[in-house]
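Welcome! Take a moment to look over the sequence and turn the model around before reading on. The notes below walk through it topic by topic.

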Amino acid sequence: MLAGVLASFAGRFGRVEPRRTAAAFVTGLLADIEVKTCWQLAEQAGHARPDAMQRLLYRAVWDADAVRDDVRTVIVDRFGDPDAVLVVDETGDLKKGIHSVGVQRQYTGTAGRIENAQVGVFLGYASGHGHTLIDRRVYLPVSWTDDRDRCQGAGVPDEVEFATKSELAAEMITAAADAGVPAGWATADEAYGNNSVFRAHLREHQLGYVLAVSRSHQVPLDGGKVKIRADRIAAELPASAWQRRSAGAGSKGPRLYDWAWLDDVTTDADPDDDGHHSLLIRRNTTTGELAFYRCWTPQPATLAQLIRVAGIRWTVEEAFQAAKGQVGLDQHQVRRWDSWHRFTTLALAALAVLAICAADAADEPPQSGLIKLTVNEVRRLINTCTIRPIHELAHRLRWSQWRRRHQARARQAHYKRRLNAELQP
């Protein structure tokens, strides 16, 4: 599968050197190395210096969006299904400096609080055949887009303007639809579900949706004559309105919740909308905690269909965990616009290898006493059976000396800058 994914975008490189480096880069992301920056990937590949890896991200001529399209095609060929779900979510990478593209103090779920971070919005694809990430956008806060000098320093194209995370998500969904990606549904958390413009965008694409909304979300009822908070509606429901059903299989068995479904919710004031609006409410069977979903379908849907889509939203969290834990999605040390998109695209390619291999293994007859192969175990097997680590002592010693020399120069430069700053009047 690794060879197949690499072959899918090999033609995007006009010269053989960056093509080989890209293959070594993706292979290195799958390798069993602790940190996956250009230094470590170059050492794993047997290079004498990190220059080729760094050049691939900074100066080599290739189109990261075209490679993303090629990887997406491979994923759709394996996982494609007209009933598939597009899953939107964001993730943050904590940063210390101020120069990495998009970085500022902002809320990120990675830390669960406001931190100095860089945030990316991602699009996942999930079907009964498997799931993974298929697209990405870096989020540029207003503090960046209002400072064109800062944007220019990070290589942000002049035509890039401020876009909310919901607008970035809408861009990715449009790109997927224009590329013919088969999907019947979309889902996202309340940061996107509360946005009426985003909901309207999904309806324009005739995508059914199950979008989380906040408990204070105003739900239109009685033909739009009244709007009532979602939590107030839940509080007034009789016991007979709740049904216990599974939202899908979890690591410890079926994920059982109590569900209530109100199918008399009205439109978001779109006179041309002839679809079916509803409100879905989920209640935790242990804690009683509630979650709320605005739903829409172009054709009548069943409660079981809506619950399935609501449960699939968690696949994007699994994809983030695998992307960061297995292929180093959050380990890039790049600052520029192009470099972020290039690194992230190659990480999605490596993740696609793991997702497809795990899906292929899941199609095999189960072996007695064994669980299905996980993405983590697939990567271990790829390392054992395919990737041959370099054990030559001389190579390792050369890299040790290179790192120490580079770090000594960096320390000397740091001391010199600090001394000059102290001597300033």
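The radius of gyration used here is taken over C-alpha atoms, and the rule for a globule is 2.2 Å times the number of residues to the power 0.38. For the 425 residues of this protein chain, that rule puts a compact globule near 22 Å, and the chain has 24 Å, so the two agree. Please keep in mind that this is a predicted model.

**The chain as a whole**

- Let's start with the building blocks: the protein chain holds 16 helices and 12 strands.
- Along its principal axes, the C-alpha trace spans about 75 × 70 × 40 Å.
- Of the 425 residues in the protein chain, 47% are buried.
- Among contacts with a separation of 6 or more, 65% join residues that are 24 or more positions apart.
- The protein chain exposes about 21,500 Å², and 49% of that area is supplied by carbon and sulfur atoms.

**The largest pocket**

- The largest pocket has a volume of about 1,400 Å³.
- It is lined by 40 residues, and those closest to its centre are H131, A249, G250, T315 and E318.
- Which elements help to line the largest pocket with at least two residues each? They are the strands β3, β4 (130-138), β9 (243-250) and β10 (253-262), together with the helices α12 (303-312), α13 (315-327), α14 and α15 (375-385).
- Helix α13 gives the most to this lining, with seven residues.
- By class, the lining of the largest pocket has 17 nonpolar, 17 polar and six charged residues.

**The second largest pocket**

- The second largest pocket has a volume of about 750 Å³.
- Its lining is made of 23 residues, and K95, H332, Q333, V334 and R335 are the closest to its centre.
- The elements α3 (38-45), α4 (51-58) and β1 each supply at least two residues of this lining.
- Sorted by class, the lining of the second largest pocket contains nine nonpolar, nine polar and five charged residues.

**Cavities**

- How many cavities of 30 Å³ or more are there? The count comes to three.
- The largest cavity has a volume of about 60 Å³.
- To find the largest cavity in the model, look for its lining residues: T91, D93, Q118, V119, G120, F122, K324, L329, H332, W340 and T344.
- Strands β1 (85-94) and β3 (113-127) and helix α14 (337-362) each supply at least two residues of this lining.
- Strand β3 provides the largest share, four residues.
- The lining of the largest cavity divides into four nonpolar, five polar and two charged residues.
- One residue to notice is H332, which lines the largest cavity and is also among the residues closest to the centre of the second largest pocket.

**Three residues to visit inside**

- T108 is found in strand β2 (residues 104-108).
- Is T108 buried or exposed? Its relative accessible area is 3%, which is under the 20% cut-off, so T108 is buried.
- Not counting residues up to four places away in sequence, T108 touches G92, L94, R113 and A117.
- A359 sits in helix α14, and A359 counts as buried because its relative accessibility is 8%.
- Leaving aside neighbours within four places in sequence, A359 is in contact with R78, F79 and H129.
- A359 and T374 are 15 residues apart along the chain, and their C-alpha atoms are separated by 9.1 Å.
- S166 lies in helix α8 (residues 165-178), and S166 counts as buried because its relative accessibility is 8%.
- Again leaving aside neighbours within four places in sequence, S166 is in contact with A191, Y192, N195 and F198.

**A loop residue to look at**

- Q206 is placed in the loop between α10 (196-204) and β6 (208-213).
- Most residues other than glycine have a negative phi.
- Q206 has a phi near 60 degrees, a positive value in a residue other than glycine.
- Why is Q206 called partly exposed? Its relative accessible area is 48%, which falls between the cut-offs of 20% and 50%, so Q206 is partly exposed.

Technical notes:
Residues numbered from 1 in each chain as written. Predicted model: local features only at pLDDT ≥ 70, side-chain atom pairs only at ≥ 80, totals over all residues. Heavy atoms only, no water. 1 Å grid on protein atoms, 1.4 Å probe; cavity = no way out; pocket = protein on both sides within 12 Å on 5 of 7 lines; lining within 4 Å. Points joined across faces, edges and corners; volume = space filled by probe spheres on them. Nonpolar A, V, L, I, M, F, W, Y, C, P; charged D, E, K, R; others polar. Buried < 20%, exposed > 50% of the residue type's maximum accessible area, 1.4 Å probe, protein only. Contact = heavy atoms within 4.5 Å. Areas by Shrake-Rupley, 256 points an atom, 1.4 Å probe, with all protein chains shown as cover.
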